[in-house]
Amino acid sequence: MLREQLETLAVLQGIDLEVKRHRTARTERLDQIERSEGEIAGLAAEVKTLREAWEEKDAVRKAKEQTILDANRKATDKRMRMSQIKSIKELQALQREIGAIKESNGIVEEELIEVMTDLEAQEEVLKQKEDELTALRNDWNEKKGPLQKEIAEIDQQIDLTRESRDATASRLSNDLMGKYELLFDRRGGTAVVAVSSAICQACYMNIPPQLWNDVLRNERVNLCPSCQRILFYNPPAPEQGGQP
């Protein structure tokens, strides 16, 4: 009876290892989706920051261009008034005002050139990052669908396996299931292991002679003294003789 229980336990472990592989594969694909979308979100945030900085600088450019335009109009108005002035003193004062406007405009124009140079450099970086973001999104759009399809297929496999797992587990005693599940979690998915030639096939340590005899009889649950896994002996199938 115990031999059958241990054999069933070994079958259950095979099913659980398959489920574990499916879940690991699922987690890997979900992590890939998270990493890719995180990378896109990070780059999109960087592009947004660069765009805002460019727009702020462009607003400065427009303001300086408007300042120059307003000053030029003001200077033009003053020049038109010059023909109407009869007093030398007033004419000289007006010329000084026009000269001050021209000097102020010269300073603003130099600042404008500096702003436009910065804008050109920022625009180049922004364009590069926008192109990089577009390429990254296009690449991800091609990869995301297949990954989501793989996840759906893995979920189907897990669902299909669950029914087989439940049927197999129902044939095991509660006590044996409790020990198995505890060891499965603690021993990385290998809770029950075969013994061959008095050697544990999990940790490859020798089994003491008396314990080896107990394992051969399969009359009780025996644990490996080295790795604490459940041991069972699966005798080799008898060789079939050839046809005469």
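Me: Why is Glu103 called exposed in this predicted model?

Reply: Glu103 has a relative accessible area of 59%, and because exposed means over 50%, the value places Glu103 in the exposed class. The residue is found in helix α2.

Me: Where does Glu103 stand relative to Glu28, in sequence and in space?

Reply: Glu103 and Glu28 are separated by 75 residues in sequence, and their C-alpha atoms lie 66 Å apart.

Me: What makes Thr161 buried, when Glu103 in helix α2 is exposed, and where is Thr161 placed?

Reply: Thr161 also belongs to helix α2, which covers residues 88-169. Its relative accessibility is 8%, and since buried means under 20%, Thr161 counts as buried.

Me: Which residues does Thr161 touch, and what does its side chain reach?

Reply: Once residues up to four places away in sequence are set aside, Thr161 touches Ile15, Glu18 and Val19. Its side chain also reaches the backbone oxygen of Gln157 at 2.7 Å, a distance that falls within the 3.5 Å allowed for a polar contact.

Me: How do you know that the protein as a whole departs from a compact globule?

Reply: For 244 residues, a compact globule would be expected to have a radius of gyration near 18 Å, whereas the protein has 41 Å. The box filled by the C-alpha atoms, taken along the principal axes, is roughly 135 × 40 × 35 Å. Of the 244 residues, 30% are buried, and the protein exposes about 16400 Å², of which carbon and sulfur atoms supply 50%. Among contacts between residues at least 6 apart in sequence, 70% join residues at least 24 apart.

Me: What secondary structure does the protein have, and in which pattern?

Reply: There are four helices and four strands, and along the sequence they follow the pattern α-α-α-β-β-α-β-β.

Me: What makes β2 and β3 the edge strands of the sheet?

Reply: The four strands form an open sheet in the order β2-β1-β4-β3, with mixed pairing. In this sheet β2 and β3 each pair on one side only, and they are the edge strands.

Me: How do you know that β1 pairs with both β2 and β4?

Reply: Two strands pair if at least two bridges are found between them. Strand β1, residues 192-196, is joined to β2 by two bridges and runs antiparallel to it, while three bridges join β1 to β4, in a parallel arrangement; both counts therefore satisfy the cut-off. On the β2 side, Ser196 stands opposite Ile199 and Val195 has Cys200 as its bridge partner; on the β4 side, Val192 stands opposite Ile230. The hairpin of β1 and β2 has two residues between the strands, and in this hairpin Ser197 takes a positive phi near 55°.

Me: Which residues have the most contacts inside the largest nonpolar core, and which elements contribute to that core?

Reply: The largest nonpolar core has 15 residues, and those with the most contacts inside it are Leu9, Leu12, Leu172, Met177, Tyr180 and Ile230. Two or more residues come from each of α1 (2-82), α3 (174-186) and β4, with α3 giving the most, five residues. Leu9, leaving aside neighbours within four places in sequence, is in contact with Leu172, Leu176, Tyr180, Val192 and Ile230.

Me: What makes the phi values of Tyr204 and Gln228 worth remarking on?

Reply: Most residues other than glycine have a negative phi. Tyr204 is not a glycine, yet its phi is positive at about 60°, and Gln228, likewise not a glycine, has a positive phi of about 65°. Tyr204 lies in the loop between β2 (199-200) and α4 (209-217), whereas the place of Gln228 is in the loop between β3 (222-223) and β4 (230-232).

Me: Why is Tyr204 called exposed and Gln228 partly exposed?

Reply: The relative accessible area of Tyr204 is 56%, which is over the 50% cut-off, so Tyr204 is exposed. Gln228 has 34%, and because this value lies between the 20% and 50% limits, Gln228 is partly exposed.

Definitions and conventions:
Residues numbered from 1 in each chain as written. Predicted model: local features only at pLDDT ≥ 70, side-chain atom pairs only at ≥ 80, totals over all residues. Heavy atoms only, no water. Buried < 20%, exposed > 50% of the residue type's maximum accessible area, 1.4 Å probe, protein only. Core = buried A, V, L, I, M, F, W, Y, C linked by side-chain atoms within 4.5 Å. Contact = heavy atoms within 4.5 Å. Polar contact = N/O pair within 3.5 Å; in protein donor to acceptor, adjacent residues only side chain to side chain. Rg over C-alpha atoms; globule rule 2.2 N^0.38 Å. Areas by Shrake-Rupley, 256 points an atom, 1.4 Å probe, with all protein chains shown as cover.
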